[in-house]
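Subject: Structure for you to look at

Hello,

Please find the structure below, with the sequence. My notes on what was found follow directly after it.

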Amino acid sequence: MFMIAIFYLRQTILHSTKAFNYSHTKFHFASVKDSNFAENFKSAGWGLRPNTPGDIYFGLNSGFDPRDIVYSGSNLNREEMEQFLNWGVTTLNLDSISQLRFLCEVFCLTQSRRVRESQRERGVTSWVGVECF
């Protein structure tokens, strides 16, 4: 039964990928904690759209590049945001302007001095309207 499901999953991934003939399209699947399913999406070039910090952890341990992860959960706290940024996951669908402001604050606080100095040298002094320096 499992092999049949994988066969149909691969067909569906291929069909969905080919349905959009636009080079800038990037697909992300809503994560399930099953490495066999995840591997099929990853090998097809899809990214991951996790809903929980645990889903991000699973995705990273399944070999997904942090740049291919788009977090879509809600009500993040400071520790979770810090962890995502430390893991390199920087694309987040946030549920409010207050969460965006909160992310900016966390981003500014968690960046290393080296990164801030590099940004300052390039003339970057704020990120989404929040002063970082």
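Y71 touches P50, N51, T52, P53, I56, L76, F84, T91, L92 and N93, if residues up to four places away in sequence are not counted. Please bear in mind throughout that this is a predicted model. Y71 is found in strand β3, and at 2% relative accessibility it counts as buried, the limit being under 20%. One of its contacts, P53, is 18 residues away from Y71 in sequence, and the two C-alpha atoms are 8.5 Å apart in space.

Aromatic pairs

How many aromatic pairs does a search of the whole structure find? The number is three. Two of them are described here.

Y57 and W87 form a tilted pair, with 6.1 Å from centre to centre and 45° between the planes. Y57 belongs to helix α3 (residues 53-61) and W87 to helix α4 (residues 78-87), so this pair ties together parts that are 30 residues apart in sequence. W87 has a relative accessible area of 26% and is therefore partly exposed.

Y71 and F84 form an aromatic pair that is also tilted, at 4.8 Å centre to centre and 50° between the planes. This pair links distant parts of the chain, with Y71 in strand β3 (residues 70-71) and F84 in helix α4, 13 residues apart. Both Y71 and F84 are buried.

Taken together, Y57, Y71, F84 and W87 form one aromatic cluster.

Helix packing around α4

The axes of α3 and α4 come within 11 Å and cross at roughly 15°. That angle is under 35 degrees, so α3 is roughly parallel to α4. α3 passes α4 in a left-handed crossing. On the α3 side the residues that meet α4 are P53, I56, Y57 and L60, and on the α4 side they are E80, F84 and W87. Three residues of the aromatic cluster, Y57, F84 and W87, are thus named again in this contact.

α4 also packs against helix α5 (residues 97-110), at an angle of about 60° and with the axes 10 Å apart. α4 and α5 are therefore oblique to each other. Their crossing is right-handed. Here R78, M81, E82 and L85 of α4 meet Q99, F102, L103, E105, V106, F107, L109 and T110 of α5.

Two loop residues

Is S62 buried or exposed? S62 is found in the loop between α3 and β3, and at 18% relative accessibility it counts as buried, the limit being under 20%. Leaving aside neighbours within four places in sequence, S62 is in contact with A38 and K42.

N75 is found in the loop between β3 and α4. At 62% relative accessibility N75 counts as exposed, the threshold for that being over 50%. The phi angle of N75 is near 55°, which is a positive value in a residue other than glycine.

The protein as a whole

The protein has six helices and six strands. From the N terminus on, its elements run α-β-α-β-α-β-α-β-α-α-β-β. Of the 133 residues in the protein, 31% are buried. Among contacts with a separation of 6 or more, 33% are between residues 24 or more positions apart. The protein exposes about 8,500 Å², and carbon and sulfur atoms supply 52% of that area.

If you open the model, a convenient place to begin is Y71, with its listed contacts, followed by the aromatic cluster of Y57, Y71, F84 and W87. The packing of α4 with α3 and with α5 can then be viewed in turn.

Regards

Definitions and conventions. Residues numbered from 1 in each chain as written. Predicted model: local features only at pLDDT ≥ 70, side-chain atom pairs only at ≥ 80, totals over all residues. Heavy atoms only, no water. Phe/Tyr/Trp six-rings, centres within 6.5 Å; stacked < 30°, edge-to-face > 60°. Helix = DSSP H or I, 4+ residues; strand = E, 2+ residues; numbered from the N terminus. Buried < 20%, exposed > 50% of the residue type's maximum accessible area, 1.4 Å probe, protein only. Contact = heavy atoms within 4.5 Å. Areas by Shrake-Rupley, 256 points an atom, 1.4 Å probe, with all protein chains shown as cover. Axes fitted to C-alpha atoms, helices over the stretch in contact; angles between N-to-C directions. Parallel < 35°, antiparallel > 145°, perpendicular 65-115°, else oblique. Left-handed = near helix turned anticlockwise from the far one by under 90°.
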